[in-house]
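User: I am new to this structure and would like a close look at a single part of it. Please take the salt bridges, and then show what surrounds them.

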Amino acid sequence: MPAQTPPTFSSADPAAVESTCREYGLTEAAFKELHTRSVGAKATAYCPYSQFRVGASLLSADGVYINGANVENAAYPVGTCAERVALGKAVTEGHRNIKAVAVATDISPPASPCGMCRQFIREFCDLQTPVIMFDKDDNYIVMRIEELLPISFGPEALPPPRSIM
């Protein structure tokens, strides 16, 4: 059975934004900040090969925003997606509990995180964490991690490190 495509909303529609914020436990100010920051982060992308800019912004549980952009490499598999850049920064800066993720691209409709990024996001986010995906026209789709990565494998599936030895 094919997956259902979630509805697309306009970030310029106050009723849609208000409804999204209520459903996903965000303030309208946080939603707008995630939108602005993820779109702005695209300007810092290093993507000379694909020309596909991606910006990401995270909101930590303690209210800190962390941005990232994709960074490509001439050896293609070495490149890093915007979501993983932002999460790597967050983790190394002490933010390991993420409340919301936003991703912005220059295409339409909104693009979702790749499979590797979905798994990486899963490591630091609750299954209920919203991922807001913005397109070039500022339209968006929102899905929870558990919808993007069903039947996921997370840190709680592993035994405590000492019990393995």
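Analyst: Lys-42, Arg-53 and Asp-106 are linked in a network of salt bridges. The model is a predicted one. Within that network, the side chains of Lys-42 and Asp-106 form a salt bridge, with an N to O distance of 2.6 Å. This pair links distant parts of the chain, with the two positions 64 residues apart. Lys-42 is in the loop between α2 and β2, while Asp-106 is in the loop between β4 and α4. The two partners can be described by their accessibility. Lys-42 has a relative accessibility of 6% and therefore counts as buried, the limit being under 20%. Asp-106 has a relative accessible area of 30%, so Asp-106 is partly exposed.

The count of salt bridges comes to six. One of them joins Arg-122 and Glu-156, whose closest N and O atoms are 2.4 Å apart. This pair, too, links distant parts of the chain: Arg-122 belongs to helix α4, and Glu-156 to the loop between α5 (145-148) and α6 (161-164), 34 residues apart. Arg-122 is buried, with a relative accessible area of 5%, whereas Glu-156 is exposed at 56%. Another salt bridge is formed by Lys-136 with Asp-137, where the closest N and O atoms are 3.7 Å apart. Lys-136 is partly exposed, at 48% relative accessibility, and Asp-137 is partly exposed as well, at 44%.

Next comes the residue numbered just before Lys-42. Ala-41 is part of helix α2. Its relative accessible area is 6%, so Ala-41 is buried. Leaving aside residues up to four places away in sequence, Ala-41 touches Gly-55, Ala-56, Asn-67, Gly-68 and Ala-69. Pro-160 is 119 residues from Ala-41 in sequence, and the C-alpha atoms of the two are 37 Å apart in space.

Helix α2 (residues 28-41) lies across β2 (54-60), β3, β4 (98-105), β5 (130-134) and β6, and runs at about 145° to β2. Helix α3 (residues 82-92) packs on the sheet too, where α3 touches β2, β3 and β4. The direction of α3 makes about 140° with that of β3. Among the buried residues of α3 are Ala-82, Glu-83, Arg-84 and Leu-87. The cover over the buried residues of α3 includes β2, β3, β4 and α4 (115-124). After α3 comes Gly-94, which has a positive phi near 90°.

The sheet itself is open and has six strands, in the order β1-β6-β5-β4-β2-β3, with mixed pairing. Its edge strands are β1 (9-10) and β3 (65-69), each of which pairs on one side only. Strands of a sheet pair through backbone hydrogen bonds, in either a parallel or an antiparallel way. Here β1 and β6 (residues 139-144) run antiparallel and are joined by two bridges. The bridge partner of Phe-9 in β6 is Tyr-140.

The loop between α2 and β2 holds Lys-42, and Tyr-49 is found there as well. Tyr-49 has a relative accessible area of 40% and is partly exposed. Together with Tyr-46, Val-71 and Tyr-76, Tyr-49 makes a nonpolar surface patch of about 450 Å². Thus the loop between α2 and β2 carries both Lys-42, which is buried, and Tyr-49, which is partly exposed.

Terms used
Residues are numbered from 1 along each chain as its sequence is written. This is a predicted model: local features need pLDDT of at least 70, side-chain atom pairs count only at pLDDT 80 or more; totals for chains, interfaces and linings use all residues. Side-chain values use heavy atoms; hydrogens and water are left out. Two strands pair if DSSP finds at least two bridges between them. Helices (H or I, at least four residues) and strands (E, at least two) are DSSP runs, numbered from the N terminus. Contact means heavy atoms within 4.5 Å. Axes are lines fitted to C-alpha atoms, for helices over the stretch in contact, and angles run from 0 to 180 degrees between N-to-C directions. Patches are made of residues with over 30% relative accessible area and no salt bridge: like charges are joined within 9 Å, nonpolar side chains (Val, Leu, Ile, Met, Phe, Trp, Tyr) within 5 Å. Accessible areas come from the Shrake-Rupley method with a 1.4 Å probe; for residues, only the protein chains shown count as cover. A salt bridge is a side-chain nitrogen of Lys or Arg within 4 Å of a carboxyl oxygen of Asp or Glu. Buried means under 20% relative accessible area, exposed over 50%, partly exposed in between (1.4 Å probe, protein chains only).
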